[in-house]
Structures are given as structure tokens and as C-alpha cells.
Amino acid sequence: MSDTIAAVATATGVGSVAIVRVSGDEALAIAEKITKKTSFIPRHAHLCTLYDTNDELIDEAILIWFKAPNSFTTEEIVEFQCHGGTIVAEKILETVLDYGARLAEPGEFTRRAFLGGRIDLTEAEAIAKLIEAKSEDAAKILARQMKGELKKFVDDMREKLLRAVAFAEVTIDYAEEDLPEDMLENMAHQLEEIEREIERIVSSSERRRGLIEGFKVAIIGKPNVGKSSLLNALLNYERAIVSEIAGTTRDTIEEQIRIGSHLVRIVDTAGIRESADAIEKIGIERSVAAIEQSDIVIAMFDASRPWDEEDEKILLLIERYMNEKEMIVALNKTDLPQMLDTEKIEPFKPLRLSRENKGEQIVSALEKRLSRMAQGDELLLISSRQIEAVKRAKEAVAEAKTPLLTGELEIFTFHLTEAISAISSISKPVDFNDIMDKMFGEFCLGK
Ligand code: GDP
């Protein structure tokens, strides 16, 4: 028997409806007390009057009972849909707590859904991320994951590995010379195929991770070239500014904008917001850090000033990173008389920006790159936890190959078992207490 938990499931603030969710063995009994009614029908909407423990009227609300085990948590769930705003929902919650429920911890409903076997970790993770999703891209991918796409990948992979283990168990009983010639080699090929499949998914997930987190853009260039003007132009061009949040490192600011279905994050590690005279020269390390963290780099040059050693440094950075990152080269201030010798940057087909056309030009250049990066219909691993787990599985599979070919089948089985446990940890880890605390603790209340 588990205790009964309750929380306001809707966001705080003004809205027309708020939902209070109660889950656990006592949920229905509490509902009967607060409504002074009995005989509810599962999954029906009941209009009820709610009273507090002193018989004072709280509100009229819709009550829905999800009978165990057919509920999200697999426990008895009662939901009250009441008038929005914080007062009524808080009052209902208070009364539910007075009747013996306790306040749910963040993510506890989802945790119970997991413990009840209703969802696995991949689905739980997708739910957590969907709540915070800021772009259509993310919502689409996460919806696929909640439908069990990753779970299926994990199950299939585990199945293949288990078959390999079974193969070893059977052949272990044979003397080496009795084994069909190509049997071990065939198995080695299958393992290589598994390695390639994992590799493909990892690299596609890393390339497309911006679909979930937002694609990061760095703007680099010498002081006064027009970096912050460009940033402002982008923010004005796309009026859907999501937020300006303080970054994780001190002094970094991150601006988020939406371009089509994509979320774009412009991280100011390059000191865009700093006034030009605060730094005389570009901090090259800072630009490098900004580039390393980003998916797309916008490198700017000033058309109204002669080429100098600072421009040379930017050019070197472009050359160094052009195969690794999406690169947009921009020639700014083309509305002024041209002083820059552009010979060295012409091969990069620079965009020509002026006071008037910055936002428009850069947005369309970004759009092109974003849709290229977003391409692909492959499965996407949505967290570093998932990526680490498949990488561990891949390493174990790689290690299993040598003992396979030398006929040391016990060692082979040992490595494969490791691979199985790594891959399984994505959806249902054997030892999962730590992961669970970490994962569900990041949820919002009432989920
Ligand atoms: P940052 O140091 O790279 O961030 O450069 P700023 O964005 O602060 O721009 C430096 C100066 O150049 C400011 O006075 C801007 O108004 C000016 N500026 C930026 N872009 C253009 C442009 O396209 N044309 C002209 N004429 N001036 C520009």
C-alpha cells in the first residue's frame, strides 16, 4: 500500500481551468469526503460541489475518477477540474491534504507511472522534456518518443544481443573443431552491424540535438564589426523572443529566438554585449569557446575598415572550423564606402549586410542551415544519459569480438551481457535508484 499524493497539476497563474490531481489508495475515499457523494463511475465527468473539512463551500468542479490500474500512475487517480487561478485549486489541495493525502514531490506522478510499469524511462524522459519544449521540432520528436520509438529500438537491440548470447551458450558445448567454419565469422559480422547501427544513431543524434535543445549560434568578429547590432536585428526581426536567461557560466547571456519550427539560441560567450572599448582586441579563446559550443557560426567582417590582423584571426578560425560547423560569413556595413579588401573571404561567399537588411538576410541563411541540420527521420536520443548508454553498449560489443574469434566464448558472453545491461539501462535499468532520483527530481510538480 502506498501513500496518497496530491498536487496542483496546472501551471500557476491566471487560466480558466486548474486541475488538482490525487493518486493513491485513498484517492477515491478522499473524493467522497470532499464531495459528500459516492458512486462515481470511472472515466466519467461528474459535476460536484466541493466542501472543506469545516463544511464550507469551496467551489463547483468536475471530478474524474481513473480507476486503478487504468490510470497514468496505475493507482486510483481522482482529478478535480476547478476554476482557474491559484485560490480555488490551493483550497482544494489543502482540503485533500487535510483528508490524509500528502503533497507530491516533483515528478512523483510520473515516477509512480514508471514503477507501476505504465511507462518506461524513455517515455518518462520524453514527458519531462515535452513539458519544457520550446519549439515544434522538439514537440514532434518527443511525441514520437512517448509513443515508444526508443523503447522499441532498445527492445530490438536487446533481442539481437540476447540471441548472440544464446548462440554462445549453445556453441560453448561444442569442441572448437566441430563448429561450422563461418559461424563465428557470421556472428562477428552481426556484431559489427550492431556497432554501425549504434554509431549511426549516436552521430545523427549529436548532429540533430538542436531539435530538442535549440540550435546554438555563435557570432564572432572583431570589436565594432556589428555583432550586437546583428543580435538586436535578429531579436527584432523575429518578434517571438522566448526569453533572455542568464547562462550557466557567469556573465554569459543567452537569447532565444524561433525561426520556423526551430529554436535558436544565441549564446553570448563571445562577449557580444560588452561595449567595444571594454576590450581592445578580440579574445580569441573566447571566440574559440563560443565556436566549440555552437552548431552554427556567423563570422563577421567590417566592409568599411581595411583588413587587419584581427580579421586575419577570424579568417583562421573560419578555416579551422569550416568542416565541423555550419559557417555563415558576413560582410557588414556595406552601406558605407568599402575599405576592405575582400579577396580572402570571397571563397566563403559572404552575405552582404547593411543597416537595412541584416535580420532578413541572416534569418534566411540560418533557415537554410537549420533545415539541413534537422533533416533525417532517424531515431533521436534525447539526453546525454541515453547517448552515454548506447556508447557503452557499443564499446562492450566491440570488446566482445576478439574473444569470439578466438573462441573464448565465456569472455564473449561476459562482454555481451555488459552490452545488454548498458542498452537496457535506457528504458529499464537494473539498478535505477540514482537515475530515478536525478530524473524525476527535475520534473515540475503535479506531473
Ligand atoms: P560589436 O562591437 O561587434 O558588437 O559592434 P556593434 O554592433 O556595437 O556596432 C558597432 C558600430 O557599428 C555601431 O555604432 C553600429 O551602429 C554600427 N553598425 C553596425 N552595423 C552597421 C551597418 O550595417 N551599417 C552601418 N553603417 N553601421 C553599422
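Q: What makes β2 and strand β5 (residues 77-83) a pair, and in which sense do they run?
A: In this predicted model, β2 and β5 are joined over 7 bridges, in the antiparallel sense. Two strands pair if DSSP finds at least two bridges between them, so 7 bridges qualify them. One residue match here is Val17, which stands opposite His83 in β5.

Q: How do you know that strand β1 (residues 5-8) and β2 pair too?
A: Same test: the cut-off is at least two bridges, and β1 and β2 have 4, again antiparallel. Val22 in β2 is the bridge partner of Ala6.

Q: Why is strand β2 (residues 17-23) called largely enclosed by the rest of the structure?
A: Because 5 of its 7 residues are buried, and buried means under 20% relative accessible area.

Q: Why is Asn224 called partly exposed?
A: Its relative accessible area is 48%. Partly exposed covers what lies between the buried cut-off of under 20% and the exposed cut-off of over 50%, so Asn224 at 48% fits that label. Asn224 sits in the loop between β7 (215-220) and α9 (227-237).

Q: What does UniProt list for "binding site"?
A: The unreviewed UniProt entry gives Asn224, Ser243, Ile245 and Thr248.

Q: What makes Glu395 count as exposed?
A: Exposed needs over 50%, and Glu395 comes in at 51%, so the label holds. Glu395 belongs to helix α13 (residues 384-405).

Q: How far apart are the C-alpha atoms of Glu395 and Ala419?
A: They are separated by 7.8 Å, with the two residues 24 residues apart along the chain.

Technical notes:
Residues numbered from 1 in each chain as written. Predicted model: local features only at pLDDT ≥ 70, side-chain atom pairs only at ≥ 80, totals over all residues. Heavy atoms only, no water. UniProt positions renumbered as here; feature names shortened; annotations may be inferred. Buried < 20%, exposed > 50% of the residue type's maximum accessible area, 1.4 Å probe, protein only.
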